[in-house]
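Student: Could you walk me through the empty spaces inside a protein model, and how they get their names?

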Amino acid sequence: MSTQSAHDAVFAEGITYFVFSFDAGRPLDIHKAAENLLRSGMAETVVSPQSGEVRVAHRYRDLVRLMRHTSTLTGLARALQERTLRRWVIRHPIWAARIVGRPFFRRLGPDREGESRRFGEIIDSLTSNVTFIQEAVAREQLINAIQHQAEKRLLRPDYLQSEPYLRLHLRSAGLWLTRINGGGLRAPGDYEQGIEADILLLIHRSGVMQLTIALGSPSSIKADDYRELAFASSEVVSASRVAEPILRAAYGRHTEALLEGVVGDWDEEIEAGTHWRRIQFERPSSVSSLFSLYADGISKVIDSNWGGDWFCYPVTFVDKVDCCDSGEQFKQAHEASLKNVILRSVDVADIRPEFLEDLMPSDSSLTRATSLYYNMSSSFEIRWPGSPSGDFYGHMQRLIVFESALLQYWQIRLLDRRVGITSGKLKEVRSLQVEAIFGLREYRESTISYGTARDIVDRLSIEWRNDRLYGHVLESLDQLQQLVGAAESARSAKRANALAAIALVVAIFLGLPAVDETLGIANKVNTDGFLAIPLKPFKSLASRGDEGTWIGYLLFLTGVAFSLLLLTIGRLVPRFRRRRKEAGVAWPLGTVTVEVRGGSSTGDS
């Protein structure tokens with residue numbers, strides 16, 4: 001029995017990681033794909049699970065050069081301050097040749113008062129610049145570095161050493177949600193309390209990709225309002241701010257034309273080395289729309305044929321609640337609200353009691369500090385009062401487990417789809433068999449080191465019916481093997497036909513002496529009656545000497561050619577396919593657009 005609460009359930013701090021799984025439609029060269037994303041300006045950093053080194057985008061080369069030059073100038077200022085210029089010149093002869101003799105040095109006096117203090121200020125300023133650059137780059141590297149530390153703890157070392165994927169940190173996006181801190185609605189044109197959403201990308205060698213949008217929620221928001229924010233398709237985004245490289249990658253040369261009809265402007269200032277576009281939506285947009293923008297850009301940059309198929313799995317963390325003193329008190333006071341947040345799509349008040357128990361996932365947390373609920377569509381973890389605060393590293397330890405489950409699911413799903421649409425060409429079939437060998441091996445051998453985390457992956461695999469897909473893939477591969485066997489048989493038959501053709505050619509070239517011998521024999525035969533009739537043509541040719549032999553040989557070649565023509569007549573006659581005629585007449589104004597809102601549909605032409 002739950003007690004009636006006198007207050008609303010309020011979540012103080014929280015974040016949802018929307019994990020979008022999609023694929024390139026084919027295996028990927030992950031290093032080439034990452035290189036293209038870094039060069040395009042979409043990605044900022046990349047990390048390999050094999051080495052753990054976080055590499056930066058190519059635009060950071062200018063910062064590296066600036067940092068080196070700044071360090072050199074700092075050494076020059078220190079040499080002037082300490083009267084050790086000669087030593088600095090020996091170490092940096094090229095720099096010395098560039099700057100010696102400039103007015104700056106002619107103004108320097110050997111004992112001028114205040115010079116030491118001025119050089120000290122220059123050194124401090126240059127050192128401060130170097131420190132600023134280092135800290136800025138370190139902040140960009142931090143997310144990928146934390147991800148690598150978390151995956152080292154959870155995933156098998158041999159799996160990581162095989163470098164099955166790369167992780168990239170893409171340019172972030174600014175979002176203004178319809179809800180603000182405290183749960184109120186945002187007023188039109190209000191750009192306060194914006195949220196910076198980190199965009200993370202995982203590229204797997206199989207072609208599977210995961211784009212994760214980390215979206216923090218407004219503070220002190222009611223549980224019922226928080227429930228709406230946990231859907232990627234919910235129209236909860238009033239405005240967004242996107243970097244120019246993302247828009248250029250998605251829209252290409254049509255970027256300006258496509259943005260003309262959108263309410264918004266380019267920011268005047270350049271930030272992070274690029275321009276940013278702030279877009280105000282007349283009707284609220286969604287997180288899934290932001291994903292589509294990034295996915296379109298990614299697919300074009302890496303030259304993949306993404307078909308638009310994706311699956312979103314939200315992983316929500318509530319790190320602090322604003323009501324109740326303990327988890328037990330919260331569960332008793334807000335039982336219905338908690339269940340609604342966990343189930344998301346349906347209100348528990350509308351569910352029959354006999355079905356509610358089967359729909360509600362159990363609490364899978366090992367400790368009393370948190371509660372974890374997950375099912376095939378989402379995950380929800382709440383941290384109770386009195387427990388240590390949550391952080392990004394803790395989130396990653398949980399998120400990587402769900403990533404692994406999603407990777408297995410989407411890999412087996414991609415294999416099933418690719419096997420189903422194969423053209424049957426022998427080269428393609430063999431390539432698909434090799435791909436399936438590695439993909440199925442990764443599916444069979446769990447990548448998770450810990451048993452409790454593996455239990456989560458196994459349970460989700462059961463709910464997603466991975467075994468059914470796995471069995472279907474194996475059955476399809478058996479059929480492909482039969483196809484390969486049939487192709488090999490056909491190839492053997494072709495070899496036999498080729499050898500027969502070669503023998504025929506040899507017989508043709510050796511046929512002239514044989515024809516001469518045949519005519520000679522026919523000319524020597526003396527017979528009358530019925531048996532003499534077939535010999536008459538041969539005798540006639542034999543009587544003409546060498547000319548008759550040549551005519552007989554040409555007749556022999558004509559007969560062989562005619563026989564070959566009869567055998568291949570089916571291939572020589574072209575097969576014309578009638579073009580399919582579409583039913584009806586195309587309407588010049590196009591097709592009516594149907595939008596579904598809350599279960600009812602509206603049509604706009």
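**Spaces inside the model**

Tutor: This structure holds four cavities of 30 Å³ or more. The model is predicted, so local features need pLDDT of at least 70 and side-chain atom pairs 80 or more, while totals for chains, interfaces and linings use all residues. Residues are numbered from 1 along each chain as its sequence is written, and side-chain values use heavy atoms, without hydrogens and water.

Student: What makes a space a cavity?

Tutor: On a 1 Å grid over the protein atoms alone, a cavity is a set of points where a 1.4 Å probe fits but cannot get out. Points join across faces, edges and corners, and the volume is the space filled by probe spheres set on them. By that reckoning, the largest cavity has about 90 Å³ and the second largest about 50 Å³.

Student: Why are some residues called lining residues?

Tutor: Because they have an atom within 4 Å of a cavity point. The largest cavity has 13 of them, and Tyr-159, Glu-403, Ser-404, Leu-407 and Thr-447 are the closest to its centre.

Student: Which element gives the most to that lining?

Tutor: H15, with six residues. H15 (392-420) is called a helix because it's a DSSP run of H or I with at least four residues, whereas a strand is a run of E with at least two, both numbered from the N terminus. Strand S4 (165-177) also gives two or more residues.

Student: And what lines the second largest cavity?

Tutor: Thr-16, Phe-18, Leu-177, Leu-215, Gly-216, Ser-217, Tyr-226 and Leu-229.

Definitions and conventions: 1 Å grid on protein atoms, 1.4 Å probe; cavity = no way out; pocket = protein on both sides within 12 Å on 5 of 7 lines; lining within 4 Å.
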